[in-house]
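Good morning. Please have the sequence and the model open, and follow along as I go through a few points.

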Protein chains: 2
Amino acid sequence: MSDQEPRGAAAPPGAQRPPDGGAPPADDDGTGRYTVRSVARAMRLVQIVADGPANGLTLSDLARSLGTSKSTTLALARTLAAAGMLRDAKPGPRYTLGTTVIRLGDIARGQLPLGDLSRPLLTELAEETKMTSRLAICDEGFPVFIERVDGPGSVRFHTPLGQREMPHASAAGKAILATMTEQQVRDMCAQTGLPRRTSHTITDVDSLLANLELVRSNGFAIDDEEDAEGIFCLGTAIFGHDGAVAGAVSVTGIKGDLPAWRVNELGQAVRRAADQVSHILGGPRQKDTGRTGSETA
Amino acid sequence: MSDQEPRGAAAPPGAQRPPDGGAPPADDDGTGRYTVRSVARAMRLVQIVADGPANGLTLSDLARSLGTSKSTTLALARTLAAAGMLRDAKPGPRYTLGTTVIRLGDIARGQLPLGDLSRPLLTELAEETKMTSRLAICDEGFPVFIERVDGPGSVRFHTPLGQREMPHASAAGKAILATMTEQQVRDMCAQTGLPRRTSHTITDVDSLLANLELVRSNGFAIDDEEDAEGIFCLGTAIFGHDGAVAGAVSVTGIKGDLPAWRVNELGQAVRRAADQVSHILGGPRQKDTGRTGSETA
DNA sequence: GCCTTGTGTTCGGTAGTACCGAACGCGGTT
DNA sequence: AACCGCGTTCGGTACTACCGAACACAAGGC
């Protein structure tokens, strides 16, 4: 986040370091140890373009955001453009994301066994519940949505794909957490904390653990305006062939549109869909309650 | 493809290049001039993983495919993994595509004005025609599909997104070519040639030009087993707010399922959908015949 | 059992290169 | 005209990305 370039600013021009090399490889870009700087920069460049406006950014914009000189930025951008990751629009070169990105994303979803297979099930679920239904994979404990089917005539939510969601403030996240041991849950929470998103967000571990107990007995997790005001989600976990949690299925809708008496019915529908996904994966159906088998791992 | 590393092998150690610069910066990686080598390699690495098996590749596999040492490959892979572009699976580190790729792809489609907006239209078209319907953007003359909606109960075709299709052997491609001048078409063909895909593929420019004339008078383009045996496609162009061709809409199905008398009806349906997309973009409806207006450009 | 072959990993050392800054040519606005 | 801003090119040098060898570990063969 707050990484600044140690390159041009810090080193006095005359100070030539003795060649015997007292300096270790010098932690690279703030990201980690032993990485390739120019590549890390290039990836940050892509991120910048992705976060930028839809009509693209100029080279100077990129140079400023990246904190490098224009010439360096040009070289990076050219290389990325040659690979199709970036694309320079015609009038007054503005860089946007290239088509290769789309292709890679499509391949990634296809390789992620759940990719295409779950689509029909999500479509069915979306029609049945009239809500936006999504499928998430479990990425080191975090839910990451990889597929989305909007309900018929439903409002379109801003639901980005491929992004880590907060485990404690999403239905999918809590469905996944509910399959873990208490210690694992505590470890997860230690990583990210439990940042408040709305006035309903669960912000202490003990309340979360109690909530997860409820998830286990109900068979589905609920996000009742805990992530965004007015938004209601409901999700259940799915399991892979090894019995470990593989992700979750969830539905999203406007809280006001949803009478309380429908919640249980929705929960059953989501759970039925999730079980079918688990079945495709060769995994077990969701356990009714309590133990989930992942404890021995 | 057949680029070999000029690094350690080619340059004699003592031969110090005269500083006046007789040699130009030495074409980098085979990709283009003035690019950053390590970044180009990193992107090739991602491509290799994408083209590899779904269960991933080992580091040694990557090193072999990339033609670099394991240590270099490790540094590249680590950097990419830190950015989320790659992901090392748990048992015996195997690299697969990371979730960032999915996120970027989703953003890219969202930024590509057609992204979400066209979805409902494609869904409608898919239900109406009972065929797989897709939307392509025009990338330097080439059609690149960015959205796909499978028809109800239709066979799932292998239809990768974000990939350049052959202009002469796809309905979308010919729909786009039909908006160009003869010279532009010839230039396009000169770039890629007209490789034969099936026994029905059009392989000489004059036949192609004649076919395009037919496209203009019909108002839609047909791919009658020209790209793949047994596959029938039908497409029409869409236009942006500047009046230039922006892409195409096409439907795909099994040739045998499609009686000849339905072709015209399908053409009208596709064209109606394409016109609606054009309308969303603020562009003109497709012209009935002949001139397409892009000739003056 | 040991030896072999594979894996992923770390560590020096050097040559090469990725980086910056300055200068250039353009098209726009003040 | 003079002025920014843009994208682009060109040298030169400090740095860094690269390789190769060595290491630790796991699996498979004789």
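A residue is called buried if its relative accessible area is under 20%. Keep that cut-off in mind, and keep in mind that this is a predicted model.

Let me begin with the cysteines. Cys138(A) has a relative accessible area of 17%, so it counts as buried. Cys189(B) is at 8%, and therefore it is buried as well. What does a search of the whole structure find in the way of disulfides? Over all chains, the number is zero.

Next, the two protein chains. Chain B can be superposed on chain A by a rotation of 179 degrees, with 0.0 Å of shift along the axis and an RMSD of 0.1 Å. The two copies are thus related as by a two-fold rotation axis. Both copies also use the same surface, since 96% of the contact residues of chain B recur in chain A.

For one residue at a contact between the chains, look at Thr79(A). Thr79(A) sits in helix α3 of chain A, which covers residues 70-82. Is Thr79(A) buried or exposed? Its relative accessibility is 3%, which is under 20%, so it is buried. Apart from neighbours within four places in sequence, Thr79(A) touches four residues of chain B, namely Thr35(B), Val36(B), Val39(B) and Ala40(B).

Now to DNA strand D. There are 24 residues around this strand, and those that come nearest are Arg37(A), Leu59(A), Ser60(A), Arg78(A) and Thr72(B). By class, the surface near the strand has 11 polar, seven charged and six nonpolar residues.

Which helices supply at least two residues each to that surface? From chain A they are α1 (37-51), α2 (59-66) and α3, and from chain B they are α1 (37-51) and α3 (70-82). The helix that gives the most is α3(A), with four residues. That is the helix that holds Thr79(A).

Which part of the DNA does the protein approach? Of the atoms of DNA strand D within 4 Å of the protein, 74% belong to sugar or phosphate, and the rest to bases.

Three residues show this at the phosphates. In Leu59(A), a backbone N or O atom is 2.8 Å from a phosphate oxygen of DNA strand D. In Ser60(A), an N or O atom of the side chain lies 2.6 Å from a phosphate oxygen of the strand. For Arg78(A), a side-chain N or O atom is again involved, at 2.8 Å from a phosphate oxygen.

That is the end of my part.

Methods. Residues numbered from 1 in each chain as written. Chains lettered and ligands numbered in written order. Predicted model: local features only at pLDDT ≥ 70, side-chain atom pairs only at ≥ 80, totals over all residues. Heavy atoms only, no water. Buried < 20%, exposed > 50% of the residue type's maximum accessible area, 1.4 Å probe, protein only. Contact = heavy atoms within 4.5 Å. Disulfide = S-S within 2.5 Å. Near = heavy atom within 4 Å. Polar contact = N/O pair within 3.5 Å; in protein donor to acceptor, adjacent residues only side chain to side chain. Nonpolar A, V, L, I, M, F, W, Y, C, P; charged D, E, K, R; others polar. Least-squares fit on C-alpha atoms with pLDDT ≥ 70 in both.
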